[in-house]
Amino acid sequence: MRKRWISAFLALTLLLGAVCGCAAPAESTAEAAALGAILDGAVPLSGLPPISIVLSPVASGTAVKDGRTALIDYSNAADGYIMVKWTGGGSPKLKVQIKGPNCPDMYKYDLPSSGEYAVFPLSDGSGTYQISVHKNVSGTAYTNELSVSINARLSDEFAPFIRPNQYVNYSDDSEVVSMAAELIEDGQAEDNLSKVRVIYEWVVTNLKYDSAKARDAKSGSLTGYLPDVDSVMDEKKGICFDYAALMAAMLRSQGVPVKLVVGYTSRGEYHAWINVWSEDSGWVESMIYFDGSVWELMDPTFASSGKQSKGIMEYINNPANYKEKYLY
């Protein structure tokens with residue numbers, strides 16, 4: 001079956017450090033059928049709460065590189081992620097760098113000094129990854145605290161894009177997960193395209209662009225900013241990165257593989273959008289929106305702030321206005 005990426009485009013005007021992400025294997029048809037039969041016989045299915053699919057990352061401890069000040073757990077690299085934590089104490093400024101087998105760029109992440117694990121995707125496919133942890137010592141100078149080279153064989157191409165990570169951060173008890181399940185149930189969305197339509201329409205209808213936060217981002221005062229998707233949903237406003245992370249979290253929690261893509265607009269500004277995979281339609285190479293009968297190119301941020309005006313949609317629908325650079 002041929003594959004296409006369904007792209008839902010989101011504007012990102014703040015300068016970001018680049019990063020990547022991928023997904024997980026599904027149950028076999030026989031296993032799923034057997035489980036369904038057991039559940040059907042155990043309880044009536046009507047009246048049950050909407051179902052979500054949150055594949056929570058875990059640090060299994062079966063494959064680790066443990067240094068004096070940091071630990072890298074790559075036990076579940078086949079599922080498209082690694083987990084890293086700082087064990088050196090204090091509150092230094094920390095970075096994680098990941099160099100994949102295909103992308104020429106080094107992906108850089110901030111690492112919290114709290115001693116808790118952070119999740120980073122392996123979005124560059126199967127192959128050799130170079131992973132390192134660095135501590136700031138002065139100005140822009142960093143020491144290499146720990147590094148490891150791993151040979152990752154992903155279980156499938158979706159593995160990094162169906163789970164939470166540092167940039168698309170949600171859990172079983174996140175409000176966005178419950179909201180997504182309710183929207184999908186109310187909209188009677190069964191396939192991926194229907195789920196994209198329902199989530200997209202909710203996002204562009206309910207969110208408004210946060211101009212004040214955007215100014216802070218452009219001024220540099222939001223360096224290292226990571227979206228809190230529950231807060232974005234509650235406040236119903238955000239910058240482009242918030243739009244992208246919220247939609248990605250909602251769709252991933254409903255079992256839809258989603259890539260966050262970071263690239264450039266024709267004006268040279270950073271921009272973010274999401275690519276969504278559909279088993280029925282395969283991969284689509286451009287941004288799209290759903291007009292009720294066909295999928296068109298779309299950008300949820302621009303569409304929302306521009307009230308989906310003709311001028312806005314004409315800009316969105318021109319693929320020359322966007323250039324892909326990073327995936328996560």
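Buried, a word this tour uses often, means under 20% relative accessible area, while exposed means over 50% and partly exposed lies in between (1.4 Å probe, protein chains only). What you have open is a predicted model, in which local features need pLDDT of at least 70 and side-chain atom pairs count only at pLDDT 80 or more, whereas totals for chains, interfaces and linings use all residues. Residues are numbered from 1 along each chain as its sequence is written, and side-chain values use heavy atoms, with hydrogens and water left out.

**The whole chain**

Begin with the whole protein in a cartoon view, where there are eight helices and 16 strands; helices (H or I, at least four residues) and strands (E, at least two) are DSSP runs, numbered from the N terminus. Of the 328 residues, 50% count as buried. If you switch on the surface, its accessible area comes to about 14,900 Å², of which 49% belongs to carbon and sulfur atoms; such areas come from the Shrake-Rupley method with a 1.4 Å probe, and for residues only the protein chains shown count as cover. Contact here means heavy atoms within 4.5 Å, and among contacts between residues at least 6 apart in sequence, 69% join residues at least 24 apart.

Next, colour by pLDDT, which is the predictor's confidence in each residue, from 0 to 100. The protein averages a pLDDT of 78, and 70% of the residues score at least 70. Over residues 1–49 the pLDDT is below 50, and this stretch has 159 contacts in the model beyond near neighbours in sequence. Residues 285–303 also have a pLDDT below 50, and that stretch has 80 contacts beyond near neighbours in sequence.

**The strands**

Select strand E7 (residues 118–121), which is covered on both faces: Ala-118 and Phe-120 on one side, and Val-119 and Pro-121 on the other, are all buried. Then add strand E4 (residues 81–86), which runs antiparallel to E7 and is joined to E7 by four bridges; two strands pair if DSSP finds at least two bridges between them. Within this pair, Val-84 stands opposite Ala-118 in E7.

Now move to strand E8 (residues 127–138), which pairs with E9 in the antiparallel sense over 11 bridges. To see one of these pairings, select Lys-135 together with its bridge partner in E9, Thr-143. The hairpin of E8 and E9 has two residues between the strands, and there Gly-139 takes a positive phi near 55 degrees.

From E9, follow the chain into the loop between strand E9 (141–152) and helix H2 (175–186), where you will find Pro-160. Pro-160 is buried, with a relative accessible area of 3%. A distance label drawn between the C-alpha atoms of Pro-160 and Gly-125 should read 8.8 Å, although the two are 35 residues apart along the chain.

**Helix H2 and its surroundings**

Select H2, which has 12 residues and reaches 16 Å from its first C-alpha to its last, close to the 16 Å expected at 1.5 Å a residue; the expected span is 1.5 Å times one less than the number of residues. Show the side chains of Val-176, Val-177, Ala-180, Ala-181, Leu-183 and Ile-184, which are buried in H2. They cover an arc of only 165 degrees around the axis, which puts them on the same side of H2; the arc is that of the directions from the helix axis to the C-beta atoms. The buried residues of H2 pack against helix H3 (192–206), helix H5 (229–235) and helix H6 (240–252).

Just beyond, in the loop between H2 and H3, select Gln-188, whose phi is near 50 degrees, a positive value in a residue other than glycine. At 69% relative accessibility, Gln-188 counts as exposed.

**Helices H5 and H6**

In helix H5, select Asp-230, which is buried with a relative accessible area of 18%. Leaving aside neighbours within four places in sequence, Asp-230 is in contact with Ser-174, Glu-175 and Val-176. The C-alpha atoms of Asp-230 and Leu-246, 16 residues apart along the chain, are separated by 8.1 Å.

Continue to Lys-236, in the loop between H5 and strand E11 (237–238). Its phi is near 55 degrees, again a positive value in a residue other than glycine, and Lys-236 is partly exposed, with a relative accessible area of 34%.

The last stop is H6, where 13 of the 13 residues are buried, so the helix is largely enclosed by the rest of the structure. At 1.5 Å a residue, H6 should span 18 Å, and its end C-alpha atoms are 18 Å apart, which agrees.
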